[in-house]
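This report looks at selected charged pairs and at one packing of helices in the structure shown below.

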Amino acid sequence: MRSILIVDDDVTFALMLATWLGRKGFGTATAATLEAARRRLEESACDLVLTDMRLPDGDGTDLLEWLAGRGMTLPVIVMTGYAEIGNAVRCMKLGAKDYISKPVRPEELLQKIGEATLPKGEEPAGGAPRSEMPRKETPRRSGASERTAEGAADYIEGRSDAARRVYEHVRLVAPTQMSVLIEGASGTGKEHVARLIHEQSRRAGRPFVAVDCGAIPRELAASEFFGHVKGSFTGALTDKRGAFEEADGGTLFLDEVGNLAYDTQVQLLRALQERRVRPVGGTREIPIDIRVVSATNERLTEAIARGSFRADLYHRLNEFTLRMPELRDTPDDIRLYADFFLDRANRELGKRLVGFDEEAVAVLRRYAWPGNIRQLKNVVMYATLLAEGDYVTCAELPAEIAGEAGSSTLLRDPLLEEQRIRRALEAAGGNKSQAAKALGIDRKTLYNKLRLYDIE
């Protein structure tokens, strides 16, 4: 039986975690302070240490340094909040095996424990084999539809009043059967919220099917939504299940629903009213049981006034409305989101950046973020790729965001200038137009610089 020492001053949480791990077949012990953890480790051996980042008499780095000083090579997993991801990365540089974000998801923790303690190929004691542990599944695509079992862990809840209000409303409406309309600008996380509604509903174990309404050709809309039978039209080589049937028992997410053609809206309304669909070319109707969550980046009431959206469909879709705040309206959340995306970028790019320097943080807070959270995510990934030190600086931020803080460094130091140009070209995959835009210069200037530094 493998043993785990849990170090956390939240005694209730530590006891709960110890009980859960005990049921999974692990031996457990707890310590509420750094000093108590040291005594426990000196008195008895264990196979893994699971420690909170912040303790009453120190933190995770102190424990790691203490272990290293005594030649102890125990695997350590650090528990931390997203606002402290920089500290967690620092812990990994000191020898921590991994870190996990609070609130801790038990299944994710079990997987990390398995990865930290088990020899390659061995299965976790008392738990599911590795192949059965929760994982993200590769999305399956059909036309404009995305049918996926991917979780909603791609974003973090903001702490601003506006963000808290959204997630409180999610928790209220998710257990109901109400149709939900999510309004918000592009990049504000509408699909993330739709997934949360599904995952917190009674339909969580059933499919979540996302359809990009703006990407459906008008002539294929009926097939995309309701399916078709073989031979019903040119190109229908096999039978196909539509999005409604794929989502049966679960949630159908209609992204950018305002882009639907008027005649498609009529078909959609009929299907929602009758809860039955007929595939194109078919002779029988198929009963469906779905919950509809829709999203739009425009006010549909204005589209109704223009005559481009049906009022009866609007009322069918809009039993409850959620309005997503824009990132520029929640500046206190920017650092939180940036740290979260840095964590993801570190993992995807195999880097261990600690965080953002003070000037970069100030620049991120000042920027208007027209692309909202999605744009911030892309910017952090871009900057992480370019960064060579421990911190993201203004030099790695795209020029349109860093402004003078970033672009001025391009022209002062020839060595730095050449390095930035080479990194920008690499990040842009050799696309000179994109590289020039990222550097804040025009193509002609970039070509001159390429000749100057003999860059192919």
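In this predicted model, the side chains of R195 and E191 meet in a salt bridge, with a distance of 2.8 Å from N to O. Both residues belong to helix α7, which spans residues 190–199, and because they are four residues apart in that helix, about one helical turn separates them. Their surroundings can be described through relative accessible area: R195, at 7%, is buried, whereas E191, at 24%, is partly exposed. R195 falls in the buried class because its value lies under the 20% limit.

Side chains of opposite charge can pair when their charged atoms come close. The structure holds 25 salt bridges, and two further examples link parts of the chain that lie apart in sequence.

One of these is the salt bridge between the side chains of E183 and R299, at 3.5 Å from N to O. This pair joins distant parts of the chain, 116 residues apart, since E183 sits in strand β10 (residues 180–183) and R299 in the loop between β15 (291–296) and α11 (300–306). E183 counts as buried, with a relative accessibility of 6%, while R299 is partly exposed at 43%.

The other is formed by the side chains of R365 and D332, which meet at 3.5 Å, N to O. R365 lies in helix α14 (residues 358–366) and D332 in the loop between β16 (320–323) and α13, so this salt bridge ties together parts that are 33 residues apart in sequence. R365 is partly exposed, at 38% relative accessibility, and D332, at 60%, is exposed. Elsewhere, D98, K112, D343 and R347 are joined into one network by salt bridges that share partners.

| Salt bridge | N to O distance |
|---|---|
| R195 and E191 | 2.8 Å |
| E183 and R299 | 3.5 Å |
| R365 and D332 | 3.5 Å |

How do helices α13 and α15 pack? Helix α13 (residues 334–349) and helix α15 (residues 372–386) meet at an angle of about 50°, and their axes are 9 Å apart. The two helices are therefore oblique to each other, and their crossing is right-handed. On the α13 side, the contact is made by I334, Y337, A338, F341, L342, R344, A345, N346, E348 and L349, and on the α15 side by I373, L376, K377, V380, M381, T384 and L385. By class, the residues of this contact divide into 12 nonpolar, two polar and three charged.

Technical notes:
Residues are numbered from 1 along each chain as its sequence is written. This is a predicted model: local features need pLDDT of at least 70, side-chain atom pairs count only at pLDDT 80 or more; totals for chains, interfaces and linings use all residues. Side-chain values use heavy atoms; hydrogens and water are left out. Axes are lines fitted to C-alpha atoms, for helices over the stretch in contact, and angles run from 0 to 180 degrees between N-to-C directions. Angles under 35 degrees count as roughly parallel, over 145 as roughly antiparallel, 65 to 115 as roughly perpendicular and the rest as oblique. A crossing is left-handed if the near helix is turned anticlockwise from the far one by less than a right angle, and right-handed if clockwise. Contact means heavy atoms within 4.5 Å. Ala, Val, Leu, Ile, Met, Phe, Trp, Tyr, Cys and Pro count as nonpolar, Asp, Glu, Lys and Arg as charged, and the others, Gly among them, as polar. A salt bridge is a side-chain nitrogen of Lys or Arg within 4 Å of a carboxyl oxygen of Asp or Glu. Buried means under 20% relative accessible area, exposed over 50%, partly exposed in between (1.4 Å probe, protein chains only).
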